[in-house]
Structures are given as structure tokens and as C-alpha cells.
Amino acid sequence: MANSDTHIPSTEDHLDETDGHRIRWANGTQSTPVSAVVRAVADLNECDPLELPPLIDSIDPDVLNQLFPSETASSVDRLVFSYCGYEVTVGQTEIRLRSQGEA
């Protein structure tokens with residue numbers, strides 16, 4: 001079970017669907033960027049995270065977690081990659097998912 005410092009993304013966190021889906025996420029919590037991205041994509045696709053293709057097909061999960069280490073600030077402002085038909089932007093305070101079919 002998640003403790004109070006862990007934020008699990010949900011559809012309730014989508015802030016602006018006209019500019020993609022933004023999920024609040026904070027580096028420095030116990031949630032890793034890898035788990036936050038996978039959960040957010042699964043949530044948008046209304047599926048179990050295990051039904052998604054491996055994240056490593058898009059980006060090395062170890063590198064993603066190293067760039068945004070939990071419990072410390074990152075020197076990286078943001079990272080953009082494609083996963084499951086979304087342009088994924090991971091930042092210090094949010095993850096943005098934009099359908100690659102959106103203009």
C-alpha cells in the first residue's frame with residue numbers, strides 16, 4: 001500500500017485535456033518516474049499496467065529513474081519520449097501525456 005508521500009496518478013489528475021493529459025508527479029517522492037508513466041498510460045487506456053508493452057521498447061527504465069532519482073532533485077528539467085502512442089514528457093512536478101495523433 002502507498003504511504004502518504006507516494007502519489008499514484010489517476011484520471012482525476014488530468015488538468016488540461018486540450019494540451020494533453022497532465023498528471024501531477026513530484027520528484028522526491030517514493031514513486032519512481034517509471035511507475036508513474038506506466039500507471040498514467042494504463043489509466044488513460046483503461047487497462048492493467050501489465051497489459052502495456054514493455055517501457056524498455058521506448059526508453060531504458062533505469063536511465064529514466066536515474067535522471068529523476070527519488071528523494072533528490074534532478075539536474076534534468078524534462079525528458080520527452082514516445083510510448084504507446086503518446087508523447088511522454090517527464091518533468092520535476094508533472095508527467096504530460098499527449099496523443100501522438102493530436103495536433
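Student: Why does Ser-82 count as partly exposed?

Tutor: Its relative accessibility is 39%, and a residue is called buried under 20% relative accessible area, exposed over 50%, and partly exposed in between, with a 1.4 Å probe and protein chains only; the value for Ser-82 falls between the two limits, and therefore the middle name applies. Bear in mind that this is a predicted model, in which local features need pLDDT of at least 70 and side-chain atom pairs count only at pLDDT 80 or more, while totals for chains, interfaces and linings use all residues. Residues are numbered from 1 along each chain as its sequence is written, and side-chain values use heavy atoms, with hydrogens and water left out.

Student: Which residues does Ser-82 touch, not counting residues up to four places away in sequence?

Tutor: Ser-82, which lies in strand 2, touches Ser-58 and Gln-100 on that count, where contact means heavy atoms within 4.5 Å. Ser-58 is 24 residues away along the chain, yet the two C-alpha atoms are separated by 6.2 Å.

Student: What makes the pair of Ser-82 and Gln-100 a polar contact?

Tutor: Their side chains come to 2.4 Å, and a polar contact is a pair of N or O atoms within 3.5 Å, of which, within protein, one must be able to donate a hydrogen and the other to accept it; residues adjacent in sequence count only if both atoms are side-chain atoms. The distance of 2.4 Å lies within that limit, and therefore the name applies.

Student: How do you know which strands are neighbours in the sheet, and what is their order?

Tutor: Two strands pair if DSSP finds at least two bridges between them, the strands (E, at least two residues) and helices (H or I, at least four) being DSSP runs numbered from the N terminus. Six bridges join strand 2 to strand 3, strand 3 and strand 4 share five, and four join strand 1 to strand 4, which gives an open sheet in the order 1-4-3-2 with antiparallel pairing.

Student: Why is one side of strand 1 and of strand 2 left without a neighbour in the sheet?

Tutor: Strand 1 (21-24) and strand 2 (78-83) stand at the edges and have a single partner strand each, so one side of each stays free of a neighbour in the sheet.

Student: Which residues stand opposite each other in these pairs?

Tutor: His-21 has Leu-97 in strand 4 as its bridge partner, Phe-81 stands opposite Val-88 in strand 3, and Tyr-86 has Ser-99 in strand 4.

Student: Why is strand 3 described as largely enclosed?

Tutor: Five of its six residues are buried, so the rest of the structure largely encloses strand 3.

Student: How do you know that the length of helix 1 agrees with what is expected?

Tutor: The expected span is 1.5 Å times one less than the number of residues; for the twelve residues of helix 1 this gives 16 Å, and the end C-alpha atoms are 16 Å apart, which agrees.

Student: What makes helix 1 mostly covered?

Tutor: Nine of its twelve residues are buried, including Pro-33, Val-37 and Leu-44. These buried residues pack against strand 1, helix 2 (61-67), strand 2, strand 3 and strand 4.
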